[in-house]
Amino acid sequence: MKTYLITGAAGFIGSNYLKYVLRLYKNIKVIVLDELTYAGNLGTIKENIQDKRVNFEKGNIKDPVLVKELISKYNIDYIVNFAAESHVDRSIENPQIFLETNILGTQNLMECAKAAWRTGEDKNGYPIYKEGVKFLQISTDEVYGSLAKDFEEPQNLEIPSEIAGKIASDRKLQTYGKEFFTEKTSLDPRSPYSASKAGADFIVLAYAETYKMPVNITRCSNNYGPFHFPEKLIPLMIKNVLEGKALPVYGDGKNVRDWLYVEDHCKAIDIVLRNGKAGEIYNVGGFNEEQNIRIVKLVIDIIKELTGKNAEYKNILKTKWENINYNLITYVQDRLGHDRRYAIDPTKIVNELGWYPETKFEDGIRKTIIWYLDNQKWVEEVISGDYQKYYEKMY
Ligand code: NAD
Ligand code: DAU
């Protein structure tokens, strides 16, 4: 039986991952460590923390006493570190907390794990660790910087031959450029957020090299799906369309992101944790680049269609159905230092670990919008912060 310490599991990807492993494995124990910042909502995982296999701890990954105690007391095998300040716009406003949580928090987790997992040392003085332990750092494609956009329109290419046989035969690679990020691409972070994530990656790799700790890093592209906090592009646009509010598109709206359905990311994390070779980095991407303005238009089209067909959904609208159209799109000032294009080459994880992005974007985005229509109460809760305050009193 494996015991997990999952940090940041009250947030978007962490909560999806928690639900995923609880569904997948009967015989596990999970300790959730989350500070419940504005982005963490205990309501998201309220059913999961009632599960006998789960213990919830409200606390900061930077807290050495708490983290050391948790790793020792629960005899942790796997640490999966999702906890982070994750929003680029906020990092532009207030960089410091990003360095504190993302760099110092990660370093504290590693330092505590190093001490708690140590069982002795070899003849060269290198620590020896408890059998089967692993530290997995959830990183981002943003550490690689920004790529050029070579095409104005999306190109649907054949999947490169070395991996084509490993993924569904009807999949294509949708791209706007010729270059991709591989694990060997030099790091070139350009925002305080991505610089802090790159700093964390370097610390993880330094601990792996210096103290021979068993680690992996996954670098993933933009996730979308259920429980995504409505400050990020897709959930914000869904919320604003339903309310008939302006849809703020930064700059010319032609920046490109590589979109991955969150459950596909969770599968990748689990595969890397269990089968990834210690010390390795794995890029995780969706073969699915899209420019922001086309995403925003798609969100409008799908909501228009779904609310037009279903009276219950139509009732959710805080505007007239007729008002749902492209006139809601409002071009606003560009994000400072806005990265133009991200594009992941996931060849390594496909070839070495057999993972591939299963969900097609047109299916994933529809599922996501339906989830938001069915879960308006969740949106109200995370926005109001009342639920968060209520749970803070409880813990
Ligand atoms: P999120 O902002 O939705 O959730 C972050 C969670 O971490 C929240 O529950 C928050 O309460 C918790 N947290 C923040 N600071 C903490 C601290 N000091 N101690 C303990 N808990 C703390 O983030 P997300 O979008 O789910 O991203 C999760 C991870 O994945 C992050 O490390 C992010 O960099 C990475 N990532 C995200 C994406 C994406 O598209 N969202 C893509 C690639 C990588
Ligand atoms: O690439 C992975 C990264 O994806 C993660 O590491 C980050 O944690 C995650 O937040 C995400 O970062 P982005 O900056 O790409 O995501 P965001 O949803 O903030 O923005 C996506 C694109 O949409 C980006 O080009 C900026 C643009 N945008 C965003 C918002 C919130 C808008 O045009 N309008 C908006 O209102």
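Colleague: Is strand β10 (residues 215–220) largely enclosed by the rest of the structure or left open, and how many of its residues are buried?
Modeller: This is a predicted model, and in it the two sides of β10 can be taken in turn, with V215, I217 and R219 buried on one and N216, T218 and C220 buried on the other. Because every residue of the strand is buried, β10 is largely enclosed by the rest of the structure, the count being 6 of the 6.

Colleague: Which strands pair with β10, and in which sense?
Modeller: With β7, the pairing runs over 6 bridges, and S139 has R219 of β10 as its bridge partner. With β14 (residues 281–284), there are 4 bridges, and here I217 is partnered by I281. The partners are therefore β7 and β14, and for both the sense is parallel.

Colleague: Which residues outside its sequence neighbourhood does H265 touch, and is H265 buried or exposed?
Modeller: H265 lies in helix α9 (residues 262–275), and its contacts, leaving out residues up to four places away in sequence, are I13, C220, N223, L260 and V284. Among these, C220 is a buried residue of β10. Since 20 or more other C-beta atoms within 10 Å make a residue buried, and H265 has 27 of them, H265 is buried.

Colleague: How far apart in space are H265 and F227, and where does F227 lie?
Modeller: F227 is in the loop between β11 and α8, and F227 is buried, with 23 other C-beta atoms within 10 Å. F227 also has a positive phi of about 70 degrees, although it is not a glycine. The two residues are 38 apart in sequence, and their C-alpha to C-alpha distance is 14 Å.

Colleague: What is the phi of F287, and in which loop is F287 found?
Modeller: F287 is found in the loop between β14 and β15 (289–291), and F287 is buried, with 27 other C-beta atoms within 10 Å. Although F287 is not a glycine, its phi is positive, at about 55 degrees.

Colleague: Which element gives the most to the shell around ligand 1?
Modeller: The shell holds 31 residues, of which G8, G11, F12, G40 and A84 are the closest, and it divides into 13 nonpolar, 13 polar and 5 charged. At least two residues each come from α1 (12–24), β2 (28–34), α5 (96–117), β7 (134–140) and β11 (222–224). With 3 residues, the element that gives the most is α1.

Colleague: Which element supplies the largest share of the shell around ligand 2?
Modeller: Here 19 residues surround the ligand, the closest being S86, T140, K232, L233 and Y250. Two or more residues come from each of α8 (233–243) and β12 (247–250), and the shell as a whole comprises 7 nonpolar, 7 polar and 5 charged residues. The largest share, 3 residues, comes from β12.

Colleague: Which element contributes the largest share of the largest nonpolar core?
Modeller: This core has 95 residues, and I6, Y17, V80 and V299 touch the most other members. For V299, the contacts beyond four places in sequence are I234, M237, I238, V241 and I369. The largest share of the core, 7 residues, comes from α5.

Colleague: Which residues does UniProt list for the NAD-dependent epimerase/dehydratase domain?
Modeller: Over the listed range the chain is 37% helix and 22% strand, with the end C-alpha atoms 25 Å apart. The annotation comes from an unreviewed UniProt entry, which gives the domain as residues 5–285.

Key
Residues numbered from 1 in each chain as written. Chains lettered and ligands numbered in written order. Predicted model: local features only at pLDDT ≥ 70, side-chain atom pairs only at ≥ 80, totals over all residues. UniProt positions renumbered as here; feature names shortened; annotations may be inferred. Near = placed C-beta within 6 Å. Nonpolar A, V, L, I, M, F, W, Y, C, P; charged D, E, K, R; others polar. Core = buried A, V, L, I, M, F, W, Y, C linked by C-beta atoms within 7 Å. Buried ≥ 20, exposed ≤ 12 C-beta atoms within 10 Å, placed from the backbone. Contact = placed C-beta atoms within 7 Å. Pairing = 2+ DSSP bridges.
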